[in-house]
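Open your viewer and follow along, one selection at a time.

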Amino acid sequence: MSRPPIVFIGLIIVAQTPSSAAVTLTAGDTGVQRGGELTFTATTVETAPVVKVTFSYQGTGDTDEVTTSPYQIIKSMDWATMENLTVTATFDFENIADQSDTADVDVVDITLVAPTQPFRRTSVTFVARTDPTGLSVSSWDWEYDTALLDNDTTDESNSDDLSTWGGRIVISGTVSVEATLVSVACTKSLEISVRNRAGVGWNTPIDCVEDNEPLWGAPLFGYNEPLGQIRDEDSDVHHIIVPQTSTGDWSDGVVVAQVPSGPNAGLWYVVSECLVIDQETVINRYMKSGGPPPEPGATSFFAYNNAGCISNDMADCVTAVEHHEYRGTPPAVKSLEGHFGRMENRLDAIGHPGLAVEPLVDTTEAGLLAAANDTVEFIEASIDGFTTDGSWSDAGPNWGGEGALGSGKHTRYDVITGAYYTGCTFGPDHF
Amino acid sequence: MTAILLSLMIVLAPASDAVDDLMVEAARFYDGAASYDGFEEDMAAARAARLALIDLARTCPDAEWVAMRDRLIAGLDSENRGVWLACCQALSRRAPDALGAALLAVLQDGNGVGREALAADALARIGRRLSRETRGVAATALAQCIEDLSRPCDRERMVTALGSMEDAATDHLLRIGAHATLCRLVRSALPHALASTGDARAMPLLLSLHEGAVSDGKRIASVLALGHLARQIDSDGQLVDQAVQSNRADFESHASPAVAAAAALALARTGHLSADTDGARVFQLADDPAARKNALRAVLESRMPLDSEQRQAIEGYVQDEGSSPAVRKIALALLAD
């Protein structure tokens, strides 16, 4: 086999290479953040007609062709990052050989890593790093924008390729970081969507102890003193959601704190809450079997009515009062025929107050507690309105109606005359 | 679908006209409650209507507000509880004084016992929002209703409402407390009402009620009321000291752990519970299921730091099947902090 004509080919190459740059490629800037656009302009001093100019880019097989002057391309640099990425423009002339020029640009970026759906109060760390790694950055500017408060910080602690910012996150927002990488101003941001905490710690337990104070009740005079009540177990008043130190104030039921540092520094949030519904029913002892008489020497309410208005069914009447306060007849969870059942029913329908206060955030402690009070107040008012009224039970199996447990009609003691009223004029209308 | 229809009502109708439509919706559940048929759908509709009505009242332009307010006040005459509730809630933020006056009229009317209870409860909830002048008028009217022994009256609820009139109620409550019969009729609600006044003059009566409490339930209520009143009156150190001493005596030596735990909570709320000197006693009380709830709440509200052994005990209360739901909830709050 003979050797190829090496010398001859070398001469041809020399002949086709211009002695000086007859074509020039310039970039609009020295670099760009990945995904940004750069303008590349190719020019030539050759007089030969140009068929086309082909732009090619290091690191990708992508090419662009321009056939008419000006030979310019606006390129979105959305592939791999690289320092000194080479772009080549090749002129295809009609009568002479192709000629090329190159331009080097920096395509850089910031890699921002963050948990985008953290639960509220989670301690998170946002991490920013140069891409490509290893670039020296003198200053990182961080910002976390929310509907309530914007926080920022600058990290100039060193000049490496990494920066972090973190702290407890309590509100959704946008985290962004800015830095200059090899003369290219870069910015990166992420939407942070904070998830509400849920679970047993945020549910509102509802409980009721029946007939809890054996000594409760006043003589059943004609003044319509109540036969029974449902109320808060600790305070003995008509509060539903507790702790409620004074009416409308649930601040002792929520534990709040301020974020000390980081993206949400300064914001107040709910750490935890201990709102509960802890009721008791009380039945007037003056109506019970063996209860005291309204006045010394008088017949007891139970004995008098058992022999008269509620003939031999007085025990059922007492049970009916208990059921009215609790879960109706027959007793059933969420019964619409008992005060406590209606509370259970309503709580489920309107939602638990703990879950409602969980997302609250404010710039001040007082503002947060006021928001918590407003939130709980609405829920309590809704439950209260649903359960307070006694008229709903008139037609149910507990009171009234054929076969009902308690007839309810009874007579009361008149302290002026020292005797019971003559008619069965009092009904199941006051609990 | 209900929400869409309600939204259309609001968009298409003048604000004051939409009130009537929403009232009809708000009434549905309460109209049909006796039949128990389709109650879930009616309940959802009533709730949506009430929320829409509240929002409508909140956003109503000033030019239309007077007409809407008058319609809402007229709605308080309704026998339907859904309408009643909706009107109360819609009025409570923007026109508390007008609502207060309407509620007082219901109470003074004295005919419908059911509506009286609702009115007293509603008044208790808006008491703090009333102007000072209206609070004074309301306190006098409530006291007259309570003191009129010849009329049917839910006195305990009215006393709670009276307490919400804050310092305007003190004189009336002291008078009621000094009246043997009245005091006996309202003694369940009286401690809390006295504490709600925030008035130092209520302290002696409150201490006296506590001394005379005949059951643990009553003692717990008065212990907590003492703590609440003491927290508000920093002007009179001697009275605060009396309340704190009473609470401390109950905390340290009361035979009932439930009462002692309530005293611990009262002390926590006045800043007189120390982790160093009281921590062991509080956790000892928490071992008793009857006292656990308030003992743990005292730990929570005093922000007492927990050591590993105490955290372990609290984790045990979460797991303990004998713990009430409320105890578990408070224990979880402690572990979260």
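Where is the place of A:His410 in chain A? Select this residue and you land in the loop between helix H6 (365-388) and strand E22 (413-414); helices (H or I, at least four residues) and strands (E, at least two) are DSSP runs, numbered from the N terminus. A:His410 counts as buried because its relative accessibility is 1%, where buried means under 20% relative accessible area (1.4 Å probe, protein chains only). Now add A:Arg412: its side chain and that of A:His410 are joined by a polar contact of 3.2 Å, that is, a pair of N or O atoms within 3.5 Å, one able to donate a hydrogen and the other to accept it.

A note before moving on: this is a predicted model, in which local features need pLDDT of at least 70 and side-chain atom pairs count only at pLDDT 80 or more, while totals for chains, interfaces and linings use all residues. Residues are numbered from 1 along each chain as written, chains are lettered from A in the order written, and side-chain values use heavy atoms, without hydrogens or water.

Next, show chain B and chain A together. The contact (heavy atoms within 4.5 Å) takes 63 residues from chain B and 68 from chain A. Between the two chains there are 14 salt bridges, each a side-chain nitrogen of Lys or Arg within 4 Å of a carboxyl oxygen of Asp or Glu. To view a salt bridge, select B:Lys329 and A:Glu273, whose side chains meet at 2.9 Å, N to O.

Methods
Buried < 20%, exposed > 50% of the residue type's maximum accessible area, 1.4 Å probe, protein only.
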